Amino acid sequence: MSPVFTSFCLVLALWSSVQTNPSPVLGDVNVDRLFVPPNCEREATTGDNVRYHYNATFMDGKTFDSSYQRGGAKVALLGEGRLIAGIDKGLQGMCVNEHRRITIPPHLAYGSTGAGDVVPPDATLIFDLLLVDLWNNADLVVTKTISTPKDCKRSVMRGDFVRYHFNGTLLDGTTFDSSYTRKQTQDTLVGEGWVIRGLDEGLLGMCVGEIRNIVVPPFKGYGEKGAGSEIPPQATLVYNILLVDIHNPKDNITIEDQVVPESCQRKSVVGDYIRYHYNGTFLNGGTFDTSYQRNSTYNTYIGMGYVILGMDQALVGVCTGERRRVIIPPHLAYGEHGAGNVIPPSAVIVFDIHVIDFHNPKDTVDIQVTHKPETCNETTEVNDVVKYHYNCSLVDGTRLFSSHNNDNMQETTLGWDLVIDGLDQALRNMCEGERRIVTVPPHLGHGERGAEGVPSSAVLVFEVELVSFQKGVPAGYLFVWLGEAPTDLFLNLDLNKDEKVTQEEFGEFIKLQVSEGKGRIKPGMTMEQVIADMFQNQDRNKDGAITADELKLKVEEDREKAAHDEL
């Protein structure tokens, strides 16, 4: 038969005796059990230590002694002759919080001699007893698990640092302390004497989220001295504990639940700039921060001290699109001080992160040619006017823009700063009909500020197809030579040799250069527009003719302007 069942039967038997005989006799001691608690897990017996309150009176009701007046319960060892025999017998079988009135005949009290001037000879004594505590020197710390999480990956060991909430009561139910009242966990190193021995033992083996009842006998609590006014000497202590956090000062970061994309061409290194989403929680699952609520990624450099040390370590070696859970001990997070009202001191924190993209400030545009025509006689270069279609996405595949929507083919002049630098570079050296996948780092895209519809510091992926292009001229030019200009340009322009060039002569000359492949006009303008604008630029006195003194090549004008700027 189990001890618990035996104890239960004894309680029932005693309770039954109270109901049928309200005044049982224990060896000539008359006992009235005025109150017996419904749950009695243990009864006082020989060899036990007890702590009890009492009022002592004579048969006429006159009080001669009281523990209440003395200001503290009495502590005694049963069966060792340290009490008068009647009290020793009267305490036998009592439960904590039980209230008894015992009547002690003189021969089991102070007999024919009495006790000084207080108790006369042959006096019958009445004691009202209230048992408040009960323990044995052979007792161990008793633990009882109230609830435990299904998944317990780690339990408390000696040398671990724990954070826990607790309610602390005496054995009679009197509360002496509560971390909930202070709204702050109790934090301690286990097995190093930071707390009473009973707690050091009782915390061992606990899991985060576990609720445990721990009963600590006085000699493993605060012993004979007690603790202040809240915990009396020789008090058994009862703790209801909820373990919130656990780590070891030697812990490093832990990476769990890692999901790596099948295609991972590159892993992050120190110095990379990364964008990621995260949920930040404590070990008990409580959330303290999340980037998803802000609808914005967290962006930072890796390994350069912009984030807590544990996160700096956790972000090294990740792939774009990877998900991982990172458990960071406090000495690699916010340490003993925590972070404001958000993260408590010495808290282990957990980040579930999703890597959106990363790049290095030294990255260049990455170009993958997916289709190239078999015949390609000419490719694009700076100053060319190109027409192209594109799809623009984030690295995770999120589509941002597409020229295919409403068949909105794009046009730009290369090198003229009309599109982002990365796309401008990607459109160079292409053939008509060629297709490319282009990855553009943010410093060659929309940078730290982003743009409408483009997140800050985003790596962009373009699928581009060159539809057509026209060879162009440098910015500010209307016509360029494809070889060397004639040695004496004015003589070649002055067709009738009258020492002046009309617009008709000027136009015939330019048309001839273009038709013979010796020169090229600005794309997007008609021949007549180019000739009219060029003639007006050279006819400096606006008399309808260009003289040798007026004629200057554009390169010469640019050279003179630069010289003036220097001066």
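Let me begin with a definition: helices, labelled H or I and at least four residues long, and strands, labelled E and at least two, are DSSP runs, numbered from the N terminus. With those labels in hand, I will start at Thr-57, which lies in strand E3; please keep in mind throughout that what we are looking at is a predicted model.

Is Thr-57 buried or exposed? Its relative accessible area is 16%, and because the cut-off for buried is under 20%, Thr-57 counts as buried. If we set aside residues up to four places away in sequence, Thr-57 touches Lys-62, Thr-63 and Phe-64, and it also touches Thr-124, Leu-125 and Ile-126.

That brings me to the nonpolar cores. The largest of them has 28 residues, and the members that touch the most others are Val-50, Tyr-52, Ile-87, Leu-91, Ile-104 and Phe-127. Which elements each supply at least two residues of this core? They are E2, E3, H3, E6 and strand E7, the last of these running over residues 125-136. Tyr-52 is worth following a little further, since its contacts beyond four places in sequence can be listed by name: Ser-67, Ala-73, Lys-74 and Ala-76, then Leu-83, Ile-87 and Leu-91, and finally Leu-129, Leu-130, Leu-131 and Val-132. There is also a second core, separate from this one, with 24 residues, among them Tyr-276, Tyr-278, Ala-333 and Ala-347.

Now to the disulfides. How many does the structure hold? The number is 4, and if the bonded cysteines are counted along the protein chain, the pairing pattern reads 1-2, 3-4, 5-6, 7-8. I will take three examples in order along the chain.

In the first example, Cys-40 is joined to Cys-95, with an S to S distance of 1.9 Å. The torsion about that S-S bond is about -95°, and the disulfide is therefore left-handed. Cys-40 sits in the loop between strand E2 (29-35) and strand E3 (48-58), while Cys-95 sits in the loop between helix H3 (85-91) and strand E6 (99-104), so that the bond ties together parts that are 55 residues apart in sequence. As for accessibility, Cys-40 is buried at a relative accessible area of 9%, and Cys-95 is buried as well, at 2%.

In the second example, the sulfur atoms of Cys-152 and Cys-207 lie 1.8 Å apart and form a disulfide. Here the torsion about the S-S bond is about -90°, which makes this disulfide left-handed. The loop that carries Cys-152 runs between strand E8 (142-147) and strand E9 (161-170), and the loop that carries Cys-207 runs between helix H5 (197-202) and strand E12 (211-216), so this pair ties together parts that are 55 residues apart in sequence. Cys-207 is buried, with a relative accessible area of 7%, whereas Cys-152, at 33% relative accessibility, counts as partly exposed.

In the third example, Cys-264 is joined to Cys-319, with an S to S distance of 1.9 Å, and a torsion of about -90° about the S-S bond makes the disulfide left-handed. Cys-264 belongs to the loop between strand E14 (254-259) and strand E15 (273-282), and Cys-319 to the loop between helix H7 (309-314) and strand E18 (323-328), so the parts tied together are 55 residues apart in sequence. Cys-264 counts as partly exposed at 29% relative accessibility, and Cys-319 counts as buried at 1%. One further cysteine to mention is Cys-392, which counts as buried at 2% relative accessibility.

Let me close with a pair of helices and one loop residue. Helix H10, residues 503-515, packs with helix H11, residues 527-538, at an angle of about 125°, and their axes are 10 Å apart. That angle makes H10 oblique to H11, and the crossing in which H10 passes H11 is right-handed. Which residues meet there? From H10 they are Gln-503, Phe-506, Gly-507, Ile-510, Lys-511 and Val-514, and from H11 they are Met-527, Glu-528, Ile-531, Ala-532, Met-534, Phe-535 and Gln-536.

The loop residue is Gly-476, which lies between strand E25 (460-470) and strand E26 (479-481) and counts as exposed at 57% relative accessibility. Gly-476 and Lys-522 are 46 residues apart in sequence, and their C-alpha atoms are 9.5 Å apart in space.

Definitions and conventions. Residues are numbered from 1 along each chain as its sequence is written. This is a predicted model: local features need pLDDT of at least 70, side-chain atom pairs count only at pLDDT 80 or more; totals for chains, interfaces and linings use all residues. Side-chain values use heavy atoms; hydrogens and water are left out. A disulfide is a pair of cysteine sulfur atoms within 2.5 Å. Buried means under 20% relative accessible area, exposed over 50%, partly exposed in between (1.4 Å probe, protein chains only). A nonpolar core is a set of buried Ala, Val, Leu, Ile, Met, Phe, Trp, Tyr and Cys residues joined through side-chain atoms within 4.5 Å. Contact means heavy atoms within 4.5 Å. Axes are lines fitted to C-alpha atoms, for helices over the stretch in contact, and angles run from 0 to 180 degrees between N-to-C directions. Angles under 35 degrees count as roughly parallel, over 145 as roughly antiparallel, 65 to 115 as roughly perpendicular and the rest as oblique. A crossing is left-handed if the near helix is turned anticlockwise from the far one by less than a right angle, and right-handed if clockwise.
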